[in-house]
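Work through the following exercises with the sequence and the model side by side, and try each task before reading its solution.

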Amino acid sequence: MSHQHHIPTKASLFAVFGALMVLTVLTVLVSRVNLGYLNLPVALAVAVTKALLVILLFMEVKYSPKLVQVTAAAGFLFFGIMILYTMTDYLSRNMIGVAGR
Amino acid sequence: MANGSHAHAAHHPMLQHHFDTLEQQQNASLLGMWMFLVTEVLFFGGLFMAYILYRWLYNASFHEASHELNVWLGLFNTAVLIGSSLTMALAVRASKTGEKSQLVLFLILTLVLGGIFLGVKVVEYAEKFTHHLVPGEHFAFHDAALKDGAQIYFSLYFAMTGLHATHMILGGLVLLPIIVMAQRGWFSPEWYTPIELFGLYWHFVDIVWIFLFPLLYLM
């Protein structure tokens, strides 16, 4: 029984740091190129990748109990619901001529 | 329970009576911390929601206003904060392997890097004041047609980076006693829950910045 905690190697933690730094420089370089409407999705894709690296490997969600994994995912799920429902409201208001828009 | 007689004989001083084992206790703490972080996701989430909406409504203003920020200071601070996440992860590792001097060293490094981040933030904020970019009576923007949107942008800039900086200041204040506890040998590979939970908080604050940097500096 007792503790079977995951102990990462130092090398693996430095590798995560390296990947995060490479992605940071990448997102700055890409922002200098005009991709029109694609700039935002590309920047967000890089940011989500970085966040996943931190969540899974630095915060060790990858090695955490299932209940913790579900809880962490739920937080971001509800954040997504907030954005989705709010934006579908705002984006569709001028389609049907609602007063106040 | 499974290690019955042994657990009873060597009762760990940090094991509270309503838990069977240290592992069960630690898992409960871990879940509680994540519940708190979920509320934090939604706390910051409200501001991100506002950013998304106003960016959609005032796209040109936001684009122009974001050029007022110093990308290099932002990039430097991103590197500093990711570096502090690395030292924090190394501190959690050291607490698991029982390397006390390394644990103290990495916790102090985390605090120092957090301090550097806040120092750069002070420089950036001061710049906004001298350039009349603080929302309010004295707000000035080079393009009058984009001024209203630019003011909303800077309102969100100060609200989001301000809430983030507040989290870092509070984190630093919590880190101080943890460093003292580590120095005095409170933590062992059997019990290091405060280190682990503080690490989760610190990494969460890092994640917020990972999104703030591109949205505020690079768009």
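Domain bounds, as used here, come from an automatic or database domain assignment. With those bounds, chain A is given domain 1 (1-63) and domain 2 (65-101), and the centres of domain 1 of chain A and domain 2 of chain A, taken over C-alpha atoms, are 24 Å apart. The model is a predicted one, and every value below is computed from it.

**Exercise 1. Describe the overall form of chain A and of chain B.**

Solution. Begin with the secondary structure: chain A contains 3 helices and 0 strands, in the pattern α-α-α along the sequence. Chain B contains 7 helices and 0 strands, and from the N terminus on its elements run α-α-α-α-α-α-α.

Next, turn to the dimensions. The C-alpha atoms of chain A fill a box of roughly 65 × 40 × 15 Å along the principal axes, while the C-alpha trace of chain B spans about 75 × 30 × 25 Å along its own. Chain A has a radius of gyration of 19 Å, where a compact globule of 101 residues would have one near 13 Å. For chain B the value is 22 Å, against the value near 17 Å of a compact globule of 219 residues.

Finally, consider burial and contacts. In chain A, 23% of the 101 residues count as buried, and in chain B buried residues make up 38% of the 219. Among contacts in chain B between residues at least 6 apart in sequence, 76% join residues at least 24 apart.

**Exercise 2. Work out which parts of chain A form its side of the contact with chain B, and of what classes of residue that side consists.**

Solution. Count the residues on each side: the contact takes 40 from chain A and 37 from chain B. On the chain A side, helix H1 (10-31), helix H2 (39-58) and helix H3 (66-93) each supply at least two residues, and the largest share, 14 residues, comes from H3(A). Sorted by class, the side of chain A that touches chain B has 28 nonpolar, 10 polar and 2 charged residues.

**Exercise 3. Follow helix H5 of chain B from its length to its packing, and then to the core of the chain.**

Solution. Helix H5(B) has 31 residues and reaches 46 Å from its first C-alpha to its last, which is close to the 45 Å expected at 1.5 Å a residue. The next step is to list its buried residues, which are B:Leu103, B:Val104, B:Phe106, B:Leu107, B:Thr110, B:Leu113, B:Gly114 and B:Phe117. An α-helix has 3.6 residues a turn, so residues three or four places apart point the same way. The buried residues of H5(B) pack against helix H4 (71-97), H6 and helix H7 (193-217) of chain B.

Then look at the largest nonpolar core, which has 77 residues, and in which B:Ala91, B:Leu103, B:Leu107, B:Tyr153, B:Val208 and B:Leu212 touch the most other members. H7(B) gives the most to this core, with 18 residues. Leaving aside neighbours within four places in sequence, B:Tyr153 is in contact with B:Ser61, B:Phe62 and B:Ala65.

**Exercise 4. Compare the surroundings of two residues in the loop between H5 and H6 of chain B, B:His132 and B:Val134.**

Solution. B:His132 follows H5(B) and has a positive phi, near 55°, although it is a residue other than glycine. Most residues other than glycine have a negative phi. B:His132 is exposed because 11 other C-beta atoms lie within 10 Å, and the limit for that class is 12 or fewer.

B:Val134 lies between helix H5 (100-130) and helix H6 (147-183), and it is partly exposed, with 18 other C-beta atoms within 10 Å. Beyond its neighbours within four places in sequence, B:Val134 is in contact with B:Lys128, B:Phe129, B:Phe139 and B:Phe154. The C-alpha atoms of B:Val134 and B:Val104, 30 residues apart along the chain, are separated by 39 Å.

**Exercise 5. Decide whether A:Glu60 is buried or exposed.**

Solution. First place the residue, which is found in the loop between H2 and H3 of chain A. Then count: A:Glu60 has 20 C-beta neighbours inside 10 Å and therefore counts as buried, since 20 or more are required. As a last step, read its backbone, where phi is positive, about 60°, although A:Glu60 is not a glycine.

Technical notes: Residues numbered from 1 in each chain as written. Chains lettered and ligands numbered in written order. Predicted model: local features only at pLDDT ≥ 70, side-chain atom pairs only at ≥ 80, totals over all residues. Helix = DSSP H or I, 4+ residues; strand = E, 2+ residues; numbered from the N terminus. Contact = placed C-beta atoms within 7 Å. Nonpolar A, V, L, I, M, F, W, Y, C, P; charged D, E, K, R; others polar. Expected span 1.5 Å × (residues − 1). Rg over C-alpha atoms; globule rule 2.2 N^0.38 Å. Core = buried A, V, L, I, M, F, W, Y, C linked by C-beta atoms within 7 Å.
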